[in-house]
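Dear colleague,

I am handing over the structure we spoke about, with the sequence alongside. Please read the notes below with the model open.

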Amino acid sequence: MLAFYDQDESEFYGLCVADLLRSRPGMRRVHEFGAGSGHAMIDVIRRVGFRGMMHGFELDERSATSARELIARSGLAGRYQVCHGDFFADLDPGDDRECVVANPPYLPLLDDRPGFPHLSGGHSGSTISKRILSAGFGTVLLMISSYADPCSVLEHARDRGYVLTGWMVLPLKMGEFTRRPAVLRRINAMALAGTAFVAGDKYLLAGGVWDRAAEGSHDQSALLSHVMSSFGTDEADGVPGVIAAPEAG
Ligand SMILES: C[S@@+](CC[C@H](N)C(=O)[O-])C[C@H]1O[C@@H](n2cnc3c(N)ncnc32)[C@H](O)[C@@H]1O
């Protein structure tokens, strides 16, 4: 497979990660699920001037190799490493799980052996997202799609003891993998069942930040659930572009 990089999607993911790192300058060790081409994080590290260490994992060997080459050419080897392997299997159990960032695979597919396995999020598109939320990190930044059962992802995070402390949403046009017939068929079936929310060939991509519940923290997941599940309905007609959550206070 060619290393994943979608200009709109990967740049929005980068924007969300940059926002997180800027707001928490003390963060020193960040894990990344699925580095893809490595472009997105290289841009973030440069823009933010991140001084910590980003540990990326990438399942696809060719993507991992090209990400490493790009990191070496960028002169950022002391800030960003990408290991070829399965994030879930290769995470060191003794590692400090301070923060994980991810733009995970979220294509909903019924096929258990799809042609593009590294981009499949399972039957409803939310399987990998939920596994990341179950991996025991203190802070999780995760991209979630309105066509991949977003409300159940938000519910899963709450069940795991997280509160959603920040989020941004962007309407995006479906990319080349989403437009494959098997994926579209699945999205249409899920839309009828009320677990996918699209407007024509557009969907909403949200970048959410979850933290372990702490006294006084205000969970915004009901609000994000409402935004995601309103997409494609009359209520959402006014959605103009990036929507940022109100500051928690
Ligand atoms: C949607 S792409 C995002 C790539 C990149 N972060 C970006 O936004 O441009 C998801 C990436 O996760 C990788 N991936 C899928 N399952 C993985 C796993 N279990 N461990 C590590 N990487 C995985 C895929 O190969 C793919 O490169």
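What follows is a short account of the aromatic residues, one pair of helices and one residue in a helix.

This is a predicted model, in which local features need pLDDT of at least 70 and side-chain atom pairs count only at pLDDT 80 or more, while totals for chains, interfaces and linings use all residues. Residues are numbered from 1 along each chain as its sequence is written, and side-chain values use heavy atoms, with hydrogens and water left out.

Rings of Phe, Tyr and Trp (its six-membered ring) are taken as a pair if their centres lie within 6.5 Å, with planes under 30 degrees apart called stacked, over 60 edge-to-face and the rest tilted; by this rule there are nine aromatic pairs. One of them joins F33 and F87, which meet edge-to-face with 5.3 Å between centres and 70° between planes. That pair links distant parts of the chain, since F33 belongs to strand β1 (residues 29-33) and F87 to helix α4 (residues 87-90), 54 residues apart; helices (H or I, at least four residues) and strands (E, at least two) are DSSP runs, numbered from the N terminus.

Both partners can be described by burial, where buried means under 20% relative accessible area, exposed over 50% and partly exposed in between (1.4 Å probe, protein chains only). F33 is buried at 11%, and F87 is buried at 2%. F87 also pairs with F88, and because their centres are 5.3 Å apart and their planes stand at 85°, this pair is edge-to-face as well. F33, F57, F87, F88 and F137 form one aromatic cluster.

A charge is said to sit over a ring if NZ of Lys or CZ of Arg is within 6 Å of the ring centre and within 35 degrees of the ring normal. The charged end of R131 is placed in this way over F88, 3.9 Å from the ring centre, and R212 lies over the face of Y162 at 4.2 Å.

Turning to the helices, the axes of α2 (residues 39-48) and α3 (residues 61-74) come within 10 Å and cross at roughly 25°, with axes fitted as lines to C-alpha atoms over the stretch in contact and angles running from 0 to 180 degrees between N-to-C directions. The contact (heavy atoms within 4.5 Å) is made by H39, I42 and R46 of α2 with L70, I71 and S74 of α3.

Finally, V17 lies in helix α1 (residues 7-23) and is buried, at 0% relative accessibility. Leaving aside residues up to four places away in sequence, V17 touches M41, V44, V101 and L141.

With best regards
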